[in-house]
Amino acid sequence: MPEIKLEHINKRWGKFYAVDDLSMTIRDNAFVTLLGPSGCGKTTTLRMIAGLETPTSGKITIGDKVVFDSSRGINIPANKRKVGFLFQNYALWPNMTVYQNISFGLTNIKEEMPKIDFEARTNSQLVKILKNPEEVVRVLEECRDKNGKIDSKRAVLKLIDAFTISQFTAKTLFSYHLEEGKDVSEEISKLSAKVKESVEKNHLDSSFQFTENGKVVVESRKMSREEIDLAVRRVSRIVKIGMFMDRYPAELSGGQQQRVAIARTLAPEPSVLFMDEPLSNLDAKLRLEMRYELQRLHVETGSTFVYVTHDQMEAMTLASEICLINNGVLQQYQPPLEVYKKPSNLFVADFVGNPSINFVDGKGDGKDDGSIELEVLGGRKVKFIPSSPLSLKSWREERDREEDAKKLDIARRSKEKDYVEKGNKDEVFKYHIQKVDEEDDSLSEEPVVTDQDFVLGIRPECIEIKEDGKLQGEIYGAMPTGMESTIKVRVGDFLLTGVVFGDLSFRIGSTVNLSVESDRIMIFDRKSGKLITTGRLEIL
Ligand code: ATP
């Protein structure tokens with residue numbers, strides 16, 4: 001299984017940088033979600049790795065193979081990169097049935113595979129099933145119509161699923177008509193003898209692969225119709241389209257067509273699978289169900305998944321690592337909970353989490369003991385106590401060093417002969433403070449920001465309603481969902497969002513006391529927008 005490495009990847013159209021100096025490594029077997037607002041460069045990134053878009057500069061390596069290198073003129077085409085795609089705009093072949101759509105790609109595969117005795121394998125499967133006829137009868141009895149007749153098509157489908165067999169084996173099994181109480185003991189002995197003979201003659205191992213001197217025999221071959229059928233059945237079970245196999249795409253709903261497209265991509269078991277919002281056409285319930293399926297599929301196949309979405313919930317729940325992009329620039333690339341708990345800057349903190357994080361402006365400075373005393377919410381004094389020792393001075397020095405290095409890097413790049421200045425400039429994210437009387441931010445003048453300006457980031461679940469809470473507020477709104485309620489509490493002119501568990505009811509206008517006891521409060525430097533550290537808050 002390959003690792004994918006991107007080094008200094010740029011993609012620009014004129015002065016517009018869709019992807020700006022992106023370097024990252026997608027480890028083997030990862031489930032990476034590319035997340036970010038519309039137009040931030042997610043799809044472009046995915047398409048460049050897949051080979052559908054040519055980067056302006058940089059290097060991409062998949063496994064031990066360099067698939068793109070602008071400095072050496074290497075650009076391996078998409079069909080040679082051995083990856084599977086699943087895009088928003090999938091296209092099914094309209095003149096083929098669902099079964100043919102899924103199996104078509106498989107019939108063309110020809111590669112080195114173990115030599116298998118399929119007849120012996122099928123016979124052995126049949127013996128196992130026939131030895132337990134009650135189970136087959138039970139399945140068949142479920143397929144009787146209102147006249148008491150067994151619907152053969154339905155019966156075959158049921159047998160396929162119940163015993164994980166191909167349609168050919170299922171048809172043979174059905175032809176024994178076990179529901180009529182026939183005695184199959186003679187058939188069992190005959191099949192068993194055949195299996196035994198083949199195993200001895202061809203030195204078959206337990207998976208019915210030919211062996212020679214204890215080694216599995218490998219041959220360059222196409223997939224057998226049994227293997228193709230099993231692959232089609234496996235993926236159609238996953239996406240629940242087993243009953244539509246004989247239909248044409250035009251006879252399916254949009255969601256069903258999308259599931260066929262997913263099945264078609266999964267069938268050849270690609271080692272890297274690229275997906276661009278593949279669930280966007282599905283209804284909410286199916287979308288959630290498919291998320292579980294994708295998660296399971298990822299574990300079962302052991303493939304590397306790279307998945308584009310602008311839905312942060314989808315990114316959080318599916319990913320082993322989230323790659324968050326803004327304006328073509330990588331913001332953070334870490335496991336979802338790490339991104340949630342320690343967002344690298346204000347943009348990330350705001351983008352991830354639902355309901356959104358509370359931002360609270362504060363002015364103050366660090367004390368000798370490492371704490372930071374601040375004035376917040378229109379005059380309240382609070383003390384921020386970092387979870388681990390903090391020297392603001394060193395933190396600021398490091399921040400300035402990074403800024404200088406960035407400037408130097410841009411100056412160095414600007415001397416390169418192909419350099420084009422970035423037209424879509426990066427800016428510190430303009431966070432939003434919720435207030436009762438919303439002002440139009442665009443009209444107000446930019447304040448002068450100094451090192452004494454901080455922003456606290458408080459996740460809604462860190463706010464608790466407590467009798468001895470030191471922050472007085474008034475319930476401004478409450479959205480109960482049964483299991484929890486999202487509340488908005490007015491503190492002075494400000495609004496804070498909290499999540500309260502349990503089926504409590506809140507009266508709008510009633511007074512509550514709030515406490516913020518979590519040790520996962522964030523403090524950001526307002527100047528750079530970067531996270532300084534996390535810790536707890538004492539309301540003085
Ligand atoms: P969405 O979530 O809306 O699909 P995205 O993050 O996937 O967005 P991309 O499709 O990667 O965004 O596009 C990144 C930026 O590049 C966009 O601003 C887009 O307008 C621009 N872009 C994409 N293709 C071209 C092109 N062929 N020529 C010029 N600009 C382009």
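How do the residues of the lining of the second largest cavity divide into nonpolar, polar and charged? In this predicted model, the count comes to 3 nonpolar, no polar and 4 charged residues. The residues behind these numbers can be found in the structure by name: Tyr340, Lys341, Arg459, Glu461, Cys462, Arg520 and Met522 line the second largest cavity. The volume of this second largest cavity is about 30 Å³.

A look at the cavities of the whole model puts this one in context. Cavities of 30 Å³ or more number 2 in the structure, and the largest of them encloses about 90 Å³ of space. The lining of the largest cavity is made up of Val360, Val376, Leu377, Arg380, Val382, Leu456, Ile458, Leu471, Leu496, Val516, Leu537 and Ile539. Sorted by class, this lining has 11 nonpolar residues, no polar ones and 1 charged residue. Three strands are worth tracing here, since at least two lining residues of the largest cavity come from each of β18 (380–386), β19 (453–458) and β26 (531–539).

The next stop is a pair of helices. Helix α3 (residues 118–130) packs with helix α8 (residues 225–238), their axes lying 10 Å apart and forming an angle of about 50°. Because of that angle, α3 is oblique to α8. On the α3 side, the residues that meet the partner helix are Phe118, Arg121 and Thr122, while α8 brings Glu226, Glu227 and Leu230 to the contact. Taken by class, the contact of α3 with α8 has 2 nonpolar, 1 polar and 3 charged residues.

Finally, a single residue can be followed through its surroundings. Ile62 sits in strand β4, which covers residues 57–62. Is Ile62 buried or exposed? The relative accessible area of Ile62 is 10%, and buried means under 20%, so Ile62 is buried. Leaving aside residues up to four places away in sequence, Ile62 touches Pro2, Glu3, Ile4, Ile49, Val67 and Arg81. Lys158 offers another reference point for finding Ile62 in the model: these two residues are 96 residues apart along the chain, and their C-alpha atoms are separated by 41 Å.

How values were computed. Residues are numbered from 1 along each chain as its sequence is written. This is a predicted model: local features need pLDDT of at least 70, side-chain atom pairs count only at pLDDT 80 or more; totals for chains, interfaces and linings use all residues. Side-chain values use heavy atoms; hydrogens and water are left out. On a 1 Å grid over the protein atoms alone, a cavity is a set of points where a 1.4 Å probe fits but cannot get out, and a pocket is an open set with protein on both sides within 12 Å along at least five of seven lines; lining residues have an atom within 4 Å of a point. Grid points are joined across faces, edges and corners, and a volume is the space filled by probe spheres set on the points. Helices (H or I, at least four residues) and strands (E, at least two) are DSSP runs, numbered from the N terminus. Ala, Val, Leu, Ile, Met, Phe, Trp, Tyr, Cys and Pro count as nonpolar, Asp, Glu, Lys and Arg as charged, and the others, Gly among them, as polar. Buried means under 20% relative accessible area, exposed over 50%, partly exposed in between (1.4 Å probe, protein chains only). Contact means heavy atoms within 4.5 Å. Axes are lines fitted to C-alpha atoms, for helices over the stretch in contact, and angles run from 0 to 180 degrees between N-to-C directions. Angles under 35 degrees count as roughly parallel, over 145 as roughly antiparallel, 65 to 115 as roughly perpendicular and the rest as oblique.
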